[in-house]
Amino acid sequence: MSTTVNRRDPRFAIARRGRNLRFPSTEADAAGRVEYCENVEDAAQTLQKVIDAGLRPTVRSSGHCYEDFVVNNPNGAILDLSLLNRVSAGLAGSAPYHVEPGAMLGDIYQEFYKRSNVVLPAGTCFTVCAGGHVSGGGYGILARLHGITVDWVSSVDILTVDINGKVIQRTVDRNHEPELFRALRGGQGSNFGLITGFTFNELPPAPQELAQAGISFDWATMTPEKFVTIVTTFGLYWEQNDQKQETWGLFGFMGLANKASGRFGISATFTGKDGTAEDLSVVKDFLDRFQRCKPIAEAPPMSSAHQLANRKPMVGDSVCYGEHVITTSPWITNASEGGENGISRGVRAKYKSAYMKKAFTEDEALAFYRMLTDDRSRGLVVAVDSYGGATNNADRAHDTAIPQRSSVMKLQYQMYWQDKAEDASRLKGIRDTYTAAYSTAVADQTHLGTPYPNEHYDGCYMNYPDVDMVEHNYWPELYYGKGDLYPLLQRVKKTYDPHNIFHHSMSIRTTT
Amino acid sequence: MMKGNASWTRRAFVQSLGSLCAIGGLSPFTSRSLPSENSLNLSTLRFAFIASAQGAIHTFTILRDGSWHLTQQMSSLAPASLALSPDQRFLYVANALESFQHRHTGSVESYAIDPHTGHLSIVNRQALALSSTRPRHIAVSPNGRLLAVAVEGGAAYNLLPILQDGSIGTVTASLKPLVGTYLPATPRASLPSAIFFERNDAFLATDMGRGWITSLTVDEDLALSLNGHHDFAQSGESIHMVVCPTAERYFIAGSHDSTISMVSRTLHVLQELKLSSGKGSSALAVHPSGNMLFAATTSGISVINIDNFGVLRASASFDQMPGDIDRLECSRNGLHLFAATHSRSAFRMQINHQRNALSSPLKLASIPFFTAIAFHYA
């Protein structure tokens, strides 16, 4: 049976929260217990026990959920799957490859590397676990080269609760309960049940090397014109090179930090189709485009967007015109960074997201400039990731629950702070910036303030959930598109979770 | 028109006798106390609050001649149930919403009551738990510290604290009973419909989806626990329940069956009485003396006498109501029975306690989309 940590247990103060210290929102919102499950049988028995007691179960793999989906559960039960973390492969490291929901991405990289020399194309944060990351889509620095994580999922093991209140174990794939299978590839497990495993029948070979480079720009000497040039240049590269396969090994990141941070930067990582980083012409071509903006050469950056906020300027920065500081290291070394703390101290945070189909316009760049030079957005980083390439396989929009298959960039707005007293001002800062960014002429004029799908934008990413979006009655279209996906998710929800046991503030709604 | 009617089952009679014996013989559990002018003076009906699904709570001032006068129309989101605090300083309201503040949940409201005018002023609005949409009924604990909510949409029960200033705190617990949810032949979802606090830390709830009465307790963390459930009606049948004010008894009736059940606090059936008129009950009210029970049926109102030994005896039926009744309430002074009909009107009847009779109904108010009524006494 699972290990129960209730309110009387000294571990409860840690167990009841995730990494975002904004949640539980109040003492009353806190769960009544946390159940640590070590295997599938544990999870099934515990889920049944929780259902029989009439409690609301919420499911946690690593606790990285950006919103209140898991830990705001008044006197309910959090089923923690962080101990359900096996990573395995077939005989002699062959396929199929199997991952349990509590496995951290960094461990998955290492275990598959050691056993099978394959890689799961997934995220950059070591401690994020598979359960939420994979079922919500999953992407990282190999996305342009290999697509997003759910593109590789062959089957999903899940516990659902049937109409009689009974826990049912299912394994779903393209031939067995295909609609549920599709829903679990991007539609998040938290809508439908408790995921106990993912299987991959095939995975790409692990890269051998990763080249990294970074440049940054000083806010002290920044002008609106220069800022616009930098931002539009970055976006234009990804728009122009979306279908050029020779560039798909390149992953770019632009971290637009508030002026108070002193600098903002761009980084690039590269591994070629052959898994090496011997031919760096693509990286140099990318970096060359910013030379006219006179960047400062950076130390090799952390590839994790999450770590950017804490980045400090290099001591003894060298101004480097015409040359790029590019370092190359074993890919697995890079993929293994950041695993030092499975149970984080946490931080107060707020996130938002947007998919972009085209480069930034001058108006958009100016909107960012205005907001990032305004004290309201102090602490904000707009992390702009390259996207596209292999992710833009239009066919995968029909067999996964990720409809965004024509985007070239993906933005993650990140605001971090420590003091609860700053909640209102910090939230206002990120909200105002976001609203300004999506209120220019390229935004859908009937959905201003959001990246509503149109020629320029393609909505938001469900793994970067933002409950502010539910203020818009069209919010499902932001995350699931305007096609047949949301109706399918509603149908799956009704079929596999008829009592709406698995719900949260942005879960699939089957009623209006 | 009064008609004599009486029939109750042999099984019920035996059960009744057995139960009464079990609790200490056949001694009367209450003495018949007739309402008097004194009791009228002690508990004068001052205000009536009537909720309309159109989004308003109507305050009526009741004059000494018994006439009702509309004095305030307070906007409310979608009032579906009303409950007064024990000290009558606050009115609590359940809003039958699918969405509140853009979230998939209903809400509750607290209003302060002006003791002189009965006028309401909003104290606060509070969201229910996620997925708890369309609350159907609310109840305040005897100490006035807790608000329990029966939620139809999410098929759940919510618990919220009531703070010192009368405002409603955030949800501390949401409980969704699923055990044995469905009978395979007649699948029915749970539809929590009404709540009755037994103590500050325990309440009973009727579930019209399953024909159950569920027993729940509140722990020191303000969490809810299921104690069990009892079948009382057919699946899909509305259950109506009232508490006998003078004894530890509940009266329960279903919408598809004309049987009235008298049950103990532990939900053991003490007696079942089969009414000869009507196909089922749509509302129940008990007289404050504990000696009369009123059941609204498709044929009108049945008057049931409760004798000194606590035995139910149907005594009369009254068929002059204009329209189907969905709410019944007896005034605290025991002189009047109030009825609200689907045809959006509120009526008052005088109770002739000695003859177990009702006067002709007097129309008091007409409220479109009437949903709930609450009375405020001096």
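**View 1. Polar contacts and salt bridges between chain A and chain B.** In this predicted model, 10 residue pairs, both partners at pLDDT 80 or more, are in polar contact between chain A and chain B. The rule also finds three salt bridges across this interface. One of them can be named: R8(A) pairs with E220(B). Their closest N and O atoms are 3.7 Å apart.

**View 2. The contact surface of chain A and chain B.** Chain A brings 29 residues to the contact, and chain B brings 24 residues. Together the two chains bury an area of about 2,200 Å². Carbon and sulfur atoms give 51% of that area. On the chain A side, N75(A), H499(A) and R509(A) lose the most area to chain B. Together these residues account for 21% of what that side buries.

**View 3. Helix 3 of chain A, end to end.** Helix 3 covers residues 105–116 of chain A, 12 residues in total. At 1.5 Å a residue, the helix should span 16 Å. Its end C-alpha atoms are 16 Å apart, so the expected span and the model agree. N117(A) follows the helix, with a positive phi near 55°.

**View 4. The buried face of helix 3 of chain A.** Which residues of helix 3 are buried? They are L105(A), G106(A), I108(A), Y109(A), F112(A) and S116(A). Seen down the helix axis, these buried residues fall within an arc of 165°, so they line one face of the helix.

**View 5. Packing partners of helix 3 in chain A.** The buried residues of helix 3 pack against two kinds of element. The strands are strand 5 (87–89) and strand 6 (97–99). The helices are helix 4 (130–135) and helix 9 (331–335).

Notes: Residues are numbered from 1 along each chain as its sequence is written. Chains are lettered from A and ligands numbered from 1 in the order in which they are written. This is a predicted model: local features need pLDDT of at least 70, side-chain atom pairs count only at pLDDT 80 or more; totals for chains, interfaces and linings use all residues. Side-chain values use heavy atoms; hydrogens and water are left out. Helices (H or I, at least four residues) and strands (E, at least two) are DSSP runs, numbered from the N terminus. The expected span of a helix is 1.5 Å times one less than its number of residues. Buried means under 20% relative accessible area, exposed over 50%, partly exposed in between (1.4 Å probe, protein chains only). The arc is that of the directions from the helix axis to the C-beta atoms. Contact means heavy atoms within 4.5 Å. Buried area is the accessible area (1.4 Å probe) that two parts lose on being put together, summed over both. A salt bridge is a side-chain nitrogen of Lys or Arg within 4 Å of a carboxyl oxygen of Asp or Glu. A polar contact is a pair of N or O atoms within 3.5 Å; within protein, one must be able to donate a hydrogen and the other to accept it, and residues adjacent in sequence count only if both atoms are side-chain atoms.
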